[in-house]
Amino acid sequence: HSSPKLFDAISHKAMEKLHIFNSRDIANTMWAYATVEHSSPKLFDAILSEATEKLDDFNSQEIANTVWTYAILGYIIDPITLKFFVSKATSMLDEFTMQEITSLLWSLATLNPEHFDLAGRIFSKITESYNSQGNNEDDCRSIPTEHLNQLHQVLLWYEENEKNPLFPPKLRKESKLAFIANEGRPSKLQKDILKAFESLESLGIVVVDEEIHCNQTGYSLDIVIGIKNSQKEIAVEIDGKATSMLDEFTMQQITNLLWSLAVLNLEYFDLADRLFSKITESYNSQGNNEDDCRSIPTEHLNQLHQVLLWYEENEKNPLFPPKLRKESKLAFIANEGRPSKLQKDILKAFESLESLGIVVVDEEIHCNQTGYSLDIVIGIKNSQKEIAVEIDGPSHFIAHSPNGATALKRRQLNSLSDRALLSIPYWEWDELSYSSNRQNQRTKKRTGRMMKRRRNSFIFRNFLGENPFF
């Protein structure tokens, strides 16, 4: 929202005056914070404590609104305090309106406590009201769509917990139909992310569908993606609230979001710049001394370096402290791995091809341009060109398609490195394997056959030209 500083100031003042707040003041204050989606944990803790002491003064609307506020903001009420609210609601259930009842039910489903006794009594009250209308064709129409939506989510909560409420089947059906009919429109962000996934088809990621409903729950799914040669599907939800919630993001959440933008190569540099500004602000507030970067975990520094490479790929330059930029690269370079058995086997295979003009230039080195580790670097005699060889084991893939980290590394090496890149997936090497008793004498043929299969690739045409071996 547009006034976070105002609500922070209100929080400070409200905590000083809470002792004079009555039940209506408490409920209205919480409702206001929920409406603008502003979180203030210290105030919310203090209000819970104050509300518990004054709970006898709360009416049905104030109880429903207060519990709803904590649920909508994702704030967990401790079980003992929630039990006080539940007991109060149970004792005065006949005073609740239909709106207050469905709101309270939805809040319980969201907070997910096991208060099914109260929920069961509320369902009975809804059923009683429903039956009193004569159970004709227009019954469900007397219940607003918003309430039917909430009731459907409550029924899913029961299903989660393997319980089955006593609820009219027709009303159950109408609740789901109303929930499914509650359509939204794809945002620009959603459309851009859809295009990004569509561009990854060459990597084995396919867009299965968009804007569909989950058969089991009725929830709308923004995008559904799949992996080639796999029956598994992934539902992708696009959260458009990110840009309006940056002040609530932790350092881990910021770096994860930045890294995700880099992997998908989405040109959301306005958002990325704001995230970098938040990191810089935190960094500068520490006094910019020698230990500044040490307060940022190595994993986050690694991600930040890859994000900086993403900026470089797109010929952009973020406002980012030079020292932190340097520390990110140093942390990234220091993140060493150990050569696998597969890597050692392929290295031996390349070493055996020296008589054919292929030489191993180096192994386990870092790319000067990007800082990425390179498994093997090979060259051709009498040529200045080199190829970086990456040996990709099972952990680099999801059903034979590169995972996010692998796809990002390949793209950035191809874009920023002065060496061509050859990636060898583990299964391609396995397909060329021979029985162990004939492995040594056929090593040259095995490597040669694999490279012949890549004869028409852009990298090898440009690197090897018309070398007679290939």
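**Exercise 1. A charged patch**

Is Glu201 buried, partly exposed or exposed? Work out its class, then find its place in the chain and the patch it belongs to.

*Solution.* Keep in mind that this is a predicted model.

Step 1. Start with the number: Glu201 has a relative accessibility of 44%. Buried means under 20%, exposed means over 50%, and partly exposed is in between. Glu201 therefore counts as partly exposed.

Step 2. Now find Glu201 along the chain. It sits in the loop between helix 10 (188–198) and strand 1 (205–213).

Step 3. Finally, look at its partners. Glu201 joins Glu198, Asp209, Glu210 and Glu233 in a negative surface patch.

**Exercise 2. Two aromatic pairs**

Describe the ring pair Phe7–Tyr33, then do the same for Phe276–Phe320.

*Solution.* Two values are needed here: a pair of aromatic rings is described by the distance of the centres and the angle of the planes.

Step 1. Get an overview. The whole structure contains 21 aromatic pairs.

Step 2. Take Phe7 and Tyr33. Their ring centres are 5.0 Å apart and their planes stand at 90 degrees, so this pair is edge-to-face. The cut-off behind that word is an angle over 60 degrees.

Step 3. Place both residues. Phe7 belongs to helix 1 (residues 4–17) and Tyr33 to helix 2 (residues 23–35), so look 26 residues along the chain to get from one to the other; the pair links distant parts of the chain. Both Phe7 and Tyr33 are buried.

Step 4. Turn to Phe276 and Phe320. With 4.7 Å from centre to centre and 65 degrees between the planes, they too form an edge-to-face pair. Phe276 is in helix 12 (residues 269–285), while Phe320 is in the loop between helix 13 (298–313) and helix 14 (322–334), so the pair ties together parts 44 residues apart in sequence.

Step 5. Check burial. Phe276 has 1% relative accessibility and counts as buried; Phe320, with a relative accessible area of 7%, is buried as well.

Step 6. Widen the view around Phe7. Ring pairs link Phe7 and Tyr33 with Phe44, Tyr70 and Tyr75 into a cluster.

**Exercise 3. Salt bridges across the chain**

How many salt bridges does the structure hold? Give the total and work through three of them.

*Solution.*

Step 1. The total is six salt bridges.

Step 2. One of them joins Arg411 and Glu313, with their closest N and O atoms 2.9 Å apart. Arg411 lies in helix 16 (residues 404–416) and Glu313 in helix 13, so the pair ties together parts that are 98 residues apart in sequence. Arg411 is partly exposed, at a relative accessible area of 22%, whereas Glu313 counts as buried at 17%.

Step 3. Another salt bridge is made by the side chains of Arg419 and Glu386, at 2.9 Å from N to O. Since Arg419 is in the loop between helix 16 and strand 9 (420–425) and Glu386 is in strand 6 (residues 386–392), this pair ties together parts 33 residues apart in sequence. Arg419 counts as buried at 17% relative accessibility, and Glu386 as partly exposed at 25%.

Step 4. Glu390 and Lys409 also form a salt bridge, and here the closest N and O atoms are 2.7 Å apart. Glu390 lies in strand 6 and Lys409 in helix 16, so the pair ties together parts that are 19 residues apart in sequence. Both Glu390 and Lys409 are buried.

**Exercise 4. Positive phi angles**

What is the phi of Glu315, and what is the phi of Glu364? Add the place and exposure of each residue.

*Solution.*

Step 1. Glu315 is not a glycine, yet its phi is positive, about 55 degrees. Its place is the loop between helix 13 and helix 14. With a relative accessible area of 77%, Glu315 is exposed.

Step 2. Glu364, also a residue other than glycine, has a positive phi near 50 degrees. Glu364 is found in strand 4 (residues 358–366). At 26% relative accessibility, Glu364 counts as partly exposed.

**Exercise 5. Sequence and space**

How far apart are Lys13 and Leu43 in sequence and in space?

*Solution.*

Step 1. In sequence, Lys13 and Leu43 are 30 residues apart. In space, the distance is 9.8 Å, C-alpha to C-alpha.

Step 2. Lys13 is in helix 1. With 52% relative accessibility, Lys13 counts as exposed.

How values were computed:
Residues are numbered from 1 along each chain as its sequence is written. This is a predicted model: local features need pLDDT of at least 70, side-chain atom pairs count only at pLDDT 80 or more; totals for chains, interfaces and linings use all residues. Side-chain values use heavy atoms; hydrogens and water are left out. Patches are made of residues with over 30% relative accessible area and no salt bridge: like charges are joined within 9 Å, nonpolar side chains (Val, Leu, Ile, Met, Phe, Trp, Tyr) within 5 Å. Accessible areas come from the Shrake-Rupley method with a 1.4 Å probe; for residues, only the protein chains shown count as cover. A salt bridge is a side-chain nitrogen of Lys or Arg within 4 Å of a carboxyl oxygen of Asp or Glu. Lys and Arg count as positive and Asp and Glu as negative; His and the chain ends are not counted. The place of a charge is taken as NZ of Lys, CZ of Arg, CG of Asp or CD of Glu. Helices (H or I, at least four residues) and strands (E, at least two) are DSSP runs, numbered from the N terminus. Buried means under 20% relative accessible area, exposed over 50%, partly exposed in between (1.4 Å probe, protein chains only). Rings of Phe, Tyr and Trp (its six-membered ring) pair if their centres lie within 6.5 Å; planes under 30 degrees apart count as stacked, over 60 as edge-to-face and the rest as tilted.
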